[in-house]
Structures are given as C-alpha cells and as structure tokens.
Amino acid sequence: MFANSMPSYPVPPRAFIIDLDGTLVDTLGDFVAVLERVLSELGLATVDRAFVEQTVGRGSEHLIRSCLIHVGADAGLYERAWALYQQHYRSLNGQFSAVYPGVIEGLQKLRATGLPMACLTNKPAAFARELLALKHLDGFFDHVFGGDDFARKKPDPLPLLKTCEALGTAPAATWMIGDSSNDAQAAHAAGCPVVLVSYGYNHGEPIRNVPATLYVDRLDQLRLAS
C-alpha cells in the first residue's frame with residue numbers, strides 16, 4: 001500500500017492538484033442529507049453521520065453500495081439508489097456544506113505563485129464543478145476533473161497522471177493536496193509529492209498514520225520551501 005519510509009522533501013512545485021471533499025469543502029452534511037432521502041424513499045433504514053464520514057472518498061458508486069450493504073438491502077437496488085442519489089444530490093448540492101477555515105487564503109497563496117492548479121475529486125464532475133461555483137472557489141482552478149472523467153478513480157494513480165498531463169507538468173513536480181489515504185496512495189503511485197490536511201475524512205483513521213511529504217492543519221499554513 002505505502003512504502004515504509006517517509007518520502008523525501010520534494011523538488012519545488014510546478015503545479016498543484018487539490019482534492020475537494022474533506023480538503024476544500026466540508027461536504028459531509030450534503031452526503032448525509034442526500035443518503036437519508038435516498039434510503040428513506042427505498043424504504044430502508046438510514047445510515048448515521050459517523051458511517052458516512054468513514055465511507056466517503058472512493059466515489060459515489062462505492063458510497064451507495066456500502067450503504068446498501070450496511071443496512072442489509074438487496075444489491076439489486078443499486079440502480080434505483082443511484083438514480084435517486086443523482087436526483088437528490090443535484091437539488092441539495094452545497095446546501096449542507098461549508099468551506100474549511102484557511103482554504104480561501106490558502107488558495108489565494110497558491111494562485112499567487114502563478115503555477116497551474118487543478119481540482120481532482122472522485123465526486124461526479126458535474127457536481128464538483130457546481131459545488132466549486134456555489135462556494136466561489138471555481139476561479140482558482142485551471143482544470144476541474146471528477147470521478148467520471150477518467151476510467152478509474154483515486155486511489156488509482158490514473159486520474160493524477162492524466163491531470164498532470166493536462167497541467168503540462170511532471171508528476172515529481174506536481175504536488176497533490178488531499179485529506180485521506182486515497183489521495184496519498186494515488187499520489188505515491190503516480191510519483192507526486194503529497195500534502196495531507198489534518199481535518200477531512202480519512203476513513204476514521206489518524207491522518208498522520210498515512211505517509212506524506214507534509215502535513216498541515218490549514219491550507220493557508222502550507223509553505224512552499226523546505
């Protein structure tokens with residue numbers, strides 16, 4: 001999964017790839033509200049906030065399937081659940097979420113470097129772009145890619161490698177900023193330095209147990225020199 005040793009401090013960045021859920025925006029409330037509506041309409045028990053927090057991060061499909069398993073539902077309900085999820089997420093996107101403290105200041109600092117930036121998330125691309133616009137974060141990014149833009153999702157390295165291509169930078173000079181082991185696994189496999197924020201959703205595990213180049217408590221604490 002990870003190498004045993006901590007990665008060395010990276011070369012100076014030439015671009016940034018930044019995760020969305022749990023890194024820029026606390027979207028847990030959106031997920032909880034949407035899933036409550038989906039499961040209720042299917043006549044199923046709902047899931048609590050703690051379960052959602054430990055399950056998000058690997059894409060909406062994984063989240064829905066995990067919820068169905070958790071409540072003991074028939075896996076054959078997935079297609080109906082997915083359709084309802086899209087419907088309700090479209091109507092609730094951003095209503096129960098908030099930008100984390102330090103994010104706007106941090107993005108302003110990164111943007112001031114003049115280096116290209118991309119937002120890369122496992123959230124469906126349409127929802128991601130809408131959320132960034134709703135929270136007035138879309139103007140910081142040269143590219144926004146979602147979980148349905150590539151053949152595979154994080155923690156597979158493919159989305160990071162494709163995003164590096166779009167940014168025109170080598171992975172070794174492209175910093176991945178995220179909040180979970182998903183981001184770290186993808187970054188390590190792609191050859192990108194990884195910065196992890198101490199808040200967010202890391203499947204209920206301490207983030208500092210995940211090997212990374214740097215850890216920060218707020219995005220505006222990120223320093224770009226060793």
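Begin by selecting aspartate 183, which counts as buried because its relative accessibility is 1%, in what is a predicted model. The residue belongs to helix α8, which spans residues 181-190. With aspartate 183 still highlighted, display the residues around it: apart from its neighbours within four places in sequence, aspartate 183 is in contact with Asp19, Lys154, Met176, Gly178 and Val194. Then add aspartate 179 to the selection, and look for its backbone nitrogen, which lies 3.0 Å from a polar atom of the side chain of aspartate 183. For a further distance, pick the C-alpha atoms of aspartate 183 and lysine 153, which are 10 Å apart in space although 30 residues separate the two in sequence.

Lysine 154, one of the contacts of aspartate 183, leads to the next stop. Select lysine 154 together with proline 155, and inspect the peptide bond that joins them, which is cis, with omega at about 20°. Proline 155 is found in the loop that runs between β5 (143-145) and α7 (158-167).

Follow the chain from that loop into helix α7, where threonine 163 is placed. Is threonine 163 buried or exposed? Threonine 163 has a relative accessible area of 0%, under the 20% cut-off, and is therefore buried. If residues up to four places away in sequence are not counted, threonine 163 touches Ile17, Ala118, Leu120, Phe145 and Phe150.

Next, turn to two histidines and their backbone angles. Most residues other than glycine have a negative phi, and most peptide bonds are trans. Select histidine 136 in the loop between α6 (125-134) and β5, and check its phi, which is positive at about 60° although the residue is not a glycine. Histidine 136 is exposed, since its relative accessible area is 66%. Move on to histidine 203, in the loop between β7 (194-197) and β8 (214-216), where phi is again positive, near 55°, in a residue other than glycine.

The last two stops concern helix packing, and both involve helix α4, so it is convenient to colour residues 78-92 before going on. Add helix α1, residues 28-41, whose axis comes within 9 Å of that of α4 and crosses it at roughly 135°. That angle makes α1 oblique to α4, and α1 passes α4 in a right-handed crossing. To see the contact itself, show the side chains of Asp30, Phe31, Ala33, Val34, Leu35, Arg37, Val38 and Glu41 on α1, and of Ala81, Leu84, Tyr85, His88, Tyr89 and Leu92 on α4. The residues of this contact of α1 with α4 comprise 10 nonpolar, 1 polar and 3 charged.

Keep α4 in view and bring in helix α3, residues 60-70, which packs against α4 at an angle of about 125°, with the two axes 10 Å apart. What is the orientation of α3 and α4 to each other? The two helices are oblique, and their crossing is right-handed. Here Ser60, Glu61, Leu63, Ile64, Arg65 and Leu68 in α3 meet Tyr78, Ala81, Trp82 and Tyr85 in α4. Sorted by character, the residues of the contact of α3 with α4 divide into 7 nonpolar, 1 polar and 2 charged. To finish, select Ala81 and Tyr85, which are listed on the α4 side of the contact with α1 and also on the α4 side of the contact with α3.

Notes:
Residues are numbered from 1 along each chain as its sequence is written. This is a predicted model: local features need pLDDT of at least 70, side-chain atom pairs count only at pLDDT 80 or more; totals for chains, interfaces and linings use all residues. Side-chain values use heavy atoms; hydrogens and water are left out. Axes are lines fitted to C-alpha atoms, for helices over the stretch in contact, and angles run from 0 to 180 degrees between N-to-C directions. Helices (H or I, at least four residues) and strands (E, at least two) are DSSP runs, numbered from the N terminus. Angles under 35 degrees count as roughly parallel, over 145 as roughly antiparallel, 65 to 115 as roughly perpendicular and the rest as oblique. A crossing is left-handed if the near helix is turned anticlockwise from the far one by less than a right angle, and right-handed if clockwise. Contact means heavy atoms within 4.5 Å. Ala, Val, Leu, Ile, Met, Phe, Trp, Tyr, Cys and Pro count as nonpolar, Asp, Glu, Lys and Arg as charged, and the others, Gly among them, as polar. Buried means under 20% relative accessible area, exposed over 50%, partly exposed in between (1.4 Å probe, protein chains only). A polar contact is a pair of N or O atoms within 3.5 Å; within protein, one must be able to donate a hydrogen and the other to accept it, and residues adjacent in sequence count only if both atoms are side-chain atoms.
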